[in-house]
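I opened this entry to keep a record of what I looked up, place by place, and of how I read each value.

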Amino acid sequence: LYAALVTFFPDLSWALTRVHAHEDIPYAAIAERVLQSDAVQAAVGHSTARTVENGHVSTVKVPNKKRQKLAQEIYENMAARPRMPVIRFLAVIMRKAFRLLYVFGIHIDDEEIQRVREAQARGPVLFLPTHKSHVDYLVMQLMCFARELHVPVVVAGDNLNIPIIGRILKWGGALFIRRSFSGDTDPLYGALFSEYIKQLLAHGISIECFIEGGRSRSGKVLPPKIGVLHRVVDAVLDGLVSECSIVPVSIAYDRLVENESYVEELTGGKKRKERLLPTMRSLSSIMASTFFEVNTYGRVDIRIAHPFSITEYLKTVRSADPSIKLHKARVRKYLAYSLGYSTLYQCNKISVVEPSALVATVLLTHYQRGISKRDLVRDVMWLANEIRIRGGSVVDIDLAGVEMVVEYVLRGITGENKLVKKYKERYMVSLYSPKERMELGSFRNQLIHHFVDEALVCLAFYTCEKEDASIGPFRTDRATLLQHSTFLSKMLKLEFIYRPSLGEGTMQKNFERTVTAMLSRGILVEKHEGMLEVNDEMIAGTDNKGTQVYLFLCALFWHFIDSYWLGCLGLFTLLPSRVSSEEALLGKVQEVGETLYFDGQLDLYEAIARDTLLNAWTLLESWGVVEFIRIEGTSSTYAPGKRTIRLQGRFQREESIERLVVEVGRYRKRSRAYRSRRYANKCTTDIDDAIRIMKETLGEELHVGPRQPN
C-alpha cells in the first residue's frame, strides 16, 4: 500500500511523512490564560466606550458580562487554530501549485535552515520576513513544513479573514488582527493581542510576522511596523520567556502575481477588498495561465540571515548603558524600532537579486530608443557584477538565462502591460506606456538598496555640477558633497534602510567610507588639493567610463527626488489654509503629475507613485511644513493615505511653498524637453512652468516669470 501511495500520490506520501508537533499544543489552555490574564480582565472591567452616531460623539457604559462576551468574540476571531491534517493537505496543494507557478524553482539554503533548527531548539523564534505578496504566507509555511521546522503561527491582516478561505487559513496557522488599534480608546483589543502573543511564546510556539506590516507595492522594503516585535520584547523583559531569537528572512520573486494590481494602486486606483468569488476567480486565472504555459512567474529565492537572540541583544544594551531604564515604555519602544531596522537591514543584505530585476533595470535606465540583444546581455552581466562587488547576491545568469527572462517572465504575460517590445532584433525601450514604466520600476526597486550610499553622493555631485556655470570638467570638495549628501539622506530616510547607526559622526564616517569606495572603483578621481571629479576615463577591467556608472547611479534614484518635489508642489492645493483629506490631495497631485509628465516638466512617470508621495508628506510633517489632524466624528486616522492634512502656520503663504519647491527641485535631473531650443523658446524653466500649471489647475491665473539663479 505504501509503495502504491508513493508511486501514484508522491506529494501526498511526502506530506504524510513530515514530522511535526502541532497536535501537542494546548490551545484550550492558552485561550483560558489569555482571557483570564490580569491585563485582559482589567480591560474587561473598563466599562466605558465611545460611540459615534450621526457625527456626534458620546460615551456609554457597557456591562461587564457583555464585555466578557466581547473579549471572547474578539479572541475567537483573532486566534489561530492550527490543525496538522489541514496543514498537510495545504502542503500537498501548495507543492503542486508552486511547480506550475515557479517553473525555475523555489531555492533555499540548507545551512540556513539548519541554523533556524538550532535556534528553535533553544526556544521559540520570531520569523520576520519581507512582504511583497500574499504568496509569502504560503511559501514560508511550506518551507517550515517541508524542512520539518516548527510551523509558526502567522500574524495576518483581518482583511484575509473572508468566508471559507479565512477558516482554512486559521487551520493552517493564521492569526488575524486588525490593521490598526493603537489609537483605540478601548484597551480590550490591544490587551487580548498582547497576552495572546506572550502566551504563544511562553508555550514555545514560534511566530511569523511581516515586519513591514503590509505588502510593499513598490518592490523595496518598507519601514518597520513594531506592534508584534514590541510585544515580544515585552515578553522577554518581563520574564515570560527566557530565550527568543529573531530570524530575518528575505523572499525574492522573479515576478509577483499581484504586479498589475499594484501598478493600479500606485497610479491612483483603489485597493480592492478581498472577497471570496473575486479571489477564487483570480486564483483560477493565474493557475490556468501557468498550466497552459501562457505565463510563468520565474523563480523564488528564500534567504535566511543568522538568527540572533533578543536576550543577548538586551544584554549588549545593558552593557553599553548600565543606567538604561528597560521598564519604561518609551525605552522598550525604542528597542523594538532598533531591532526592526536592524532586521530589515539584514534582509536587504541577504536578499537575492533575480534575473528579471537585472533585465528590467537595464531596460528602464537605457537612454537610447532601443537596445540589441548583445548589448542587453552585456549590460545585465555588468550590473550583476556591480552588485556582487558591493556584497550582494545575484542569481547566476547567461545569454540563455536573459532570453528566458525576456521571453517567459517579462514578455510572456497575459495582462495589459507588455514589458518587452521587440522590433526585428532590437528591444524597444522608448515606447513604454506610463503604467509599463511603473511596473518596470517595481523590478528596479528590488535592487537599488545595494547602491543607496553611492547614489546619494552622485546625486549631490550632479546638483553641484548642474548649478556650476564654468567650462570644463567640474570639480568639488568633500565638504560641499557631504552637505548635499546629508540633506538627501535625511530627505529620503523613509525610502531606504540605512546602515544601523554607529553613534556620533555616523553620517560623516559613512560618507568618507562611500567616497573611498567610489575612488577605488574608478567612479570618482581625486585631483590636486583634494578636489573630486567624475572619472571620464575607462574603469580598469570594464568597458564603462566612470561617467557612465555615475549617471547610471543617478538614474536609479531620480524618480524619488521627483516624487518629493511633486509632493511639495502639491501643497499649493492647501493654500491659504485649506484642510484636505490625504486621499483627495493624492488624487489631485497625481493628476497634475500626469499633466507635467506629458507636458515635459517631469521625465519619470514613476514619480507619481502613491507610496512615495505619502512618504513625502510624512517627511514634511517632521519638517514642520504640514500637520495631520484628527477630526472628531469622521473616519480620519493617522494611517498614511487616510489622514487629514493642512499646512502649518508659516507655510500658509505662496512664497514659502515656492521656496520649498525650488529647494527640493535643485536635486532633480535636467528635464529632457528643456534641452530643446524650440521648447525652451515658449517656456521658462521646468520648475516655474510646473508651478504655473499647478496654479492653473487650481483655477488661479498667475504669471510666473523666469526665476533668477541663486
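I began at the surface, where F9, L12 and L16 form a nonpolar patch whose accessible area together is about 290 Å². I kept in mind throughout that this is a predicted model. Taking L12 from that patch, I found its place in helix α2, which covers residues 10–16. Its relative accessible area is 36%, and I therefore entered L12 as partly exposed, since that term covers values between the 20% limit for buried and the 50% limit for exposed.

Next I turned to S485, which lies in helix α21, residues 478–491. Is S485 buried or exposed? I noted a relative accessible area of 7%, so S485 is buried, the cut-off for that word being under 20%. I then listed what S485 touches, leaving aside its neighbours within four places in sequence, and wrote down contacts with L456, V457, A460 and F511.

I then followed the strands. Strand β5, residues 153–157, pairs with β6 in the parallel sense, and I noted four bridges for this pairing. Within the pair, V155 stands opposite L175 of β6. The connection between the two strands also went into the notebook: β5, helix α9 (residues 165–171) and β6 make a β-α-β unit, and that unit is right-handed.

Which way do the residues of β6 point? In this strand, residues 174–177, I saw A174 and F176 pointing one way and L175 and I177 the other way, and I recorded all of them as buried. I set beside this the general rule that side chains in a regular strand alternate between the two faces of the sheet.

Finally I checked the backbone for unusual angles. E148 is not a glycine, yet I read a positive phi of about 60° there; the residue sits in the loop between α8 (135–146) and β5. Because its relative accessibility is 34%, I counted E148 as partly exposed. I164, also not a glycine, has a positive phi of about 70°, and I placed I164 in the loop between β5 and α9. With a relative accessibility of 55%, I164 counts as exposed, the limit for that term being over 50%.

My last look was at the peptide bond that joins L575 and P576, which is cis, with omega about -5°. I located P576 in the loop between α23 (546–569) and β18 (579–581).

Note on methods:
Residues numbered from 1 in each chain as written. Predicted model: local features only at pLDDT ≥ 70, side-chain atom pairs only at ≥ 80, totals over all residues. Heavy atoms only, no water. Patch = residues over 30% accessible without salt bridge, like charges linked within 9 Å, V, L, I, M, F, W, Y side chains within 5 Å. Areas by Shrake-Rupley, 256 points an atom, 1.4 Å probe, with all protein chains shown as cover. Salt bridge = Lys/Arg side-chain N within 4 Å of Asp/Glu carboxyl O. Buried < 20%, exposed > 50% of the residue type's maximum accessible area, 1.4 Å probe, protein only. Contact = heavy atoms within 4.5 Å. Pairing = 2+ DSSP bridges. Right-handed = clockwise from strand over helix to strand, strands pointing away.
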